[in-house]
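Let's take a walk through this fold together, beginning in the interior and working outward to the strands. Please keep the sequence and the model open beside you as you read.

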Amino acid sequence: MDTYHFYHPIEVRYGDIDAQRHVNNARFFTFMEQARVHYLMNLGLWSAGDFEQIGIILAEQSCTYLAPISLQQSIEVGVRTQRIGEKSMEMAYSLRDAANHKVHATGSSILVAYDYQSGRSIRVPETWREILETFEGGPGAPGTTSGAGD
């Protein structure tokens, strides 16, 4: 079952390919980052102007590689908020072929709500929580689990 409400298309560039003739493993993280940025902009959480305005910092990221991606493939990355804690959010990713939906990788990241002026973590803003939970289907719905953990 597809539990992603947001997908961002990725153009595989010649420079993304490595000596093994497929997308280099490090690029998968770039693809997830690009999709995450568009997810946040799509939800109105960041205008892509002031980088200090975004109010999050990446704390952890992982990727499970399932199949190689080639130069000619059309890829899309699904992004969802999987968990919202007191000071952090866990995001999930699905990198799939845009035509046949074969999943080539899955990933996750933990983003910490962060005040760049004070250099400290902060609580996830209530407005962010409300927007994310509404988009993902409400508190406790697939995609969000509020208040857990941190």
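**From the core to the sheet**

The largest nonpolar core in this chain has 30 residues, and those with the most contacts inside it are Tyr39, Val77, Val79, Met89 and Leu95. Two or more residues come to this core from each of β1 (6–11), α1 (25–42), β2, β3 (74–84), β4, β5 and α2 (126–136). The most generous contributor is α1, with 6 residues. Keep in mind as you look around that this is a predicted model.

Which residues does methionine 89 touch, once those up to four places away in sequence are set aside? Its contacts are Ile56, Arg83, Ile84, Ser109, Ile110, Leu111, Val124, Trp128 and Leu132.

Now step back to the whole chain. There are 2 helices and 6 strands, and from the N terminus they follow the order β-α-β-β-β-β-β-α. Of the 150 residues, 42% count as buried. The accessible surface comes to about 8,000 Å², and 51% of that belongs to carbon and sulfur atoms. Among contacts with a separation of 6 or more, 66% are between residues 24 or more positions apart.

Strand β5 is a good place to pick up the sheet. Strand β2 (residues 56–65) runs antiparallel to β5 (residues 103–115), and 9 bridges join the two. Strand β4 (residues 88–97) is also antiparallel to β5, again with 9 bridges. Valine 112 lets you see both pairings from one spot: isoleucine 57 stands opposite this valine, and serine 88 has valine 112 as its bridge partner.

As you follow these strands, it helps to remember that in a regular strand the side chains alternate between the two faces of the sheet.

The turn from β4 into β5 is a hairpin with 5 residues between the strands, and there histidine 101 takes a positive phi near 65°.

At the other end of β5, what comes next? Strand β6 (residues 120–121) pairs antiparallel with β5 through 2 bridges. Tyrosine 114 has serine 121 in β6 as its bridge partner. The hairpin of β5 and β6 has 4 residues between the strands, and glycine 119 takes a positive phi near 70° in it.

To close the tour, return to β5 with its partners in view: β2, β4 and β6 each run antiparallel to it, and β5 also gives residues to the core where we began.

Methods:
Residues numbered from 1 in each chain as written. Predicted model: local features only at pLDDT ≥ 70, side-chain atom pairs only at ≥ 80, totals over all residues. Heavy atoms only, no water. Pairing = 2+ DSSP bridges. Core = buried A, V, L, I, M, F, W, Y, C linked by side-chain atoms within 4.5 Å. Buried < 20%, exposed > 50% of the residue type's maximum accessible area, 1.4 Å probe, protein only. Contact = heavy atoms within 4.5 Å. Areas by Shrake-Rupley, 256 points an atom, 1.4 Å probe, with all protein chains shown as cover.
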